[in-house]
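Got your viewer open? Let's walk through this one stop at a time, selecting as we go.

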Amino acid sequence: MKRFSKDQFDNLSIQVKKNQLNEIVQEVNELKYGVFWGFDRGKMILTIHNTEIKNLLTFVRHKRYMELVSVHILSKEIIDVLNKVIDYTSHVTILKEREAQTKKSVQYHEIDYYLCELHEYILQGDKSKITETKAILKNLLHNGVQML
């Protein structure tokens, strides 16, 4: 059994219908994985395991579907099953793109804030605050967002 870099997300929101969940369980059983599920604080935790690997899928129950909210996957085979049944990788790709866009937006807002602060310090003639704020802006530009 080959291991691959783990896939772990704690902020998913993927709707999974009952028949899809049943299909996931059937598919992993065919791959000789064991399946165990339990409940913790209103969430269903589906453990998909074999002798070497333990994968966790956490769901929140809704009236007509389950919502996949968290995964900790150590097996490429499980990713393949999830892709086949619920198009998992597409959902993760969209999530990663949204996270990157949100991060970029937050960084731009930070830069805007410090530019406003710098302007105020220049008007006040506060050289120490000007130097401090320029250093913060330089750090944001080098370590944060890449300006286009």
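One term before we start: buried means under 20% relative accessible area, exposed means over 50%, and partly exposed is anything in between (1.4 Å probe, protein chains only). You're looking at a predicted model, where local features need pLDDT of at least 70, side-chain atom pairs count only at pLDDT 80 or more, and totals for chains, interfaces and linings use all residues. Residues are numbered from 1 along each chain as its sequence is written, and side-chain values use heavy atoms, with hydrogens and water left out.

**Stop 1: H72**

Select H72, which sits in strand β6. Helices (H or I, at least four residues) and strands (E, at least two) are DSSP runs, numbered from the N terminus. Is H72 buried, exposed or partly exposed? H72 counts as partly exposed, because its relative accessibility is 22%. Now add K54: the two are 18 residues apart in sequence and 8.6 Å apart in space, C-alpha to C-alpha. K54 is also one of the contacts of H72 (contact means heavy atoms within 4.5 Å). Leaving aside neighbours within four places in sequence, H72 also touches K6, D7, Q8, N55 and L56.

**Stop 2: E67**

Stay in β6, which runs over residues 66-75, and pick E67. E67 is buried, yet has no salt bridge. For that term, look for a side-chain nitrogen of Lys or Arg within 4 Å of a carboxyl oxygen of Asp or Glu. Which side chain of opposite charge is nearest to E67? It is K43, 9.1 Å away. In this count Lys and Arg are positive and Asp and Glu negative, while His and the chain ends are not counted. Not counting residues up to four places away in sequence, E67 touches L12, S13, I14, T58, F59, V60 and H62.

**Stop 3: the cores**

Next, select L12, L57, F59, L68, I86 and Y88. These have the most contacts inside the largest nonpolar core, a group of 26 residues. A nonpolar core is a set of buried Ala, Val, Leu, Ile, Met, Phe, Trp, Tyr and Cys residues joined through side-chain atoms within 4.5 Å. Several elements each supply at least two residues of this core: β2 (14-16), α1 (18-30), β4 (43-49), β5 (54-61), β6, α2 (76-86) and α3. Which one gives the most? That's α2, with six residues. Zoom in on I86: leaving aside its neighbours within four places in sequence, I86 is in contact with I14, V16, Q20, I24, L68 and H91. There is also a second, separate core of six residues, including L118, Y121, I130 and L137.

**Stop 4: helix α4**

Color residues 127-143 to see helix α4. The 17 residues of α4 reach 24 Å from first C-alpha to last, close to the 24 Å expected at 1.5 Å a residue (the expected span is 1.5 Å times one less than the number of residues). Highlight I130, T133, L137 and L140, which are buried. They cover an arc of only 90° around the axis, so they sit on the same side of α4. That arc is taken from the directions from the helix axis to the C-beta atoms. The buried residues of α4 pack against α3 (88-124). Then spin the view to the face turned away from the buried side, where you'll find the exposed residues K127, S128, T131, K138, H142 and N143.

**Stop 5: the salt bridges**

How many salt bridges does a search of the whole structure find? Three.

- E27 and K84: their side chains meet at 2.8 Å, N to O. This pair links distant parts of the chain, with E27 in helix α1 and K84 in helix α2, 57 residues apart. E27 is buried at 17% relative accessible area, whereas K84 is exposed at 56%.
- D40 and R41: this bridge is 3.5 Å, N to O. D40 is partly exposed at 34%, and R41 is exposed at 77%.
- D80 and K76: the closest N and O atoms are 2.7 Å apart. D80 and K76 are separated by about one helical turn, because they are four residues apart in helix α2.

**Stop 6: two loop residues**

Last, select K32, in the loop between α1 and β3 (34-40). Phi of K32 is near 70°, a positive value in a residue other than glycine. K32 counts as exposed, at 69% relative accessibility. Finish at D87, found in the loop between α2 and α3. D87 has a positive phi of about 55°, although it is not a glycine, and is partly exposed at 41% relative accessible area.
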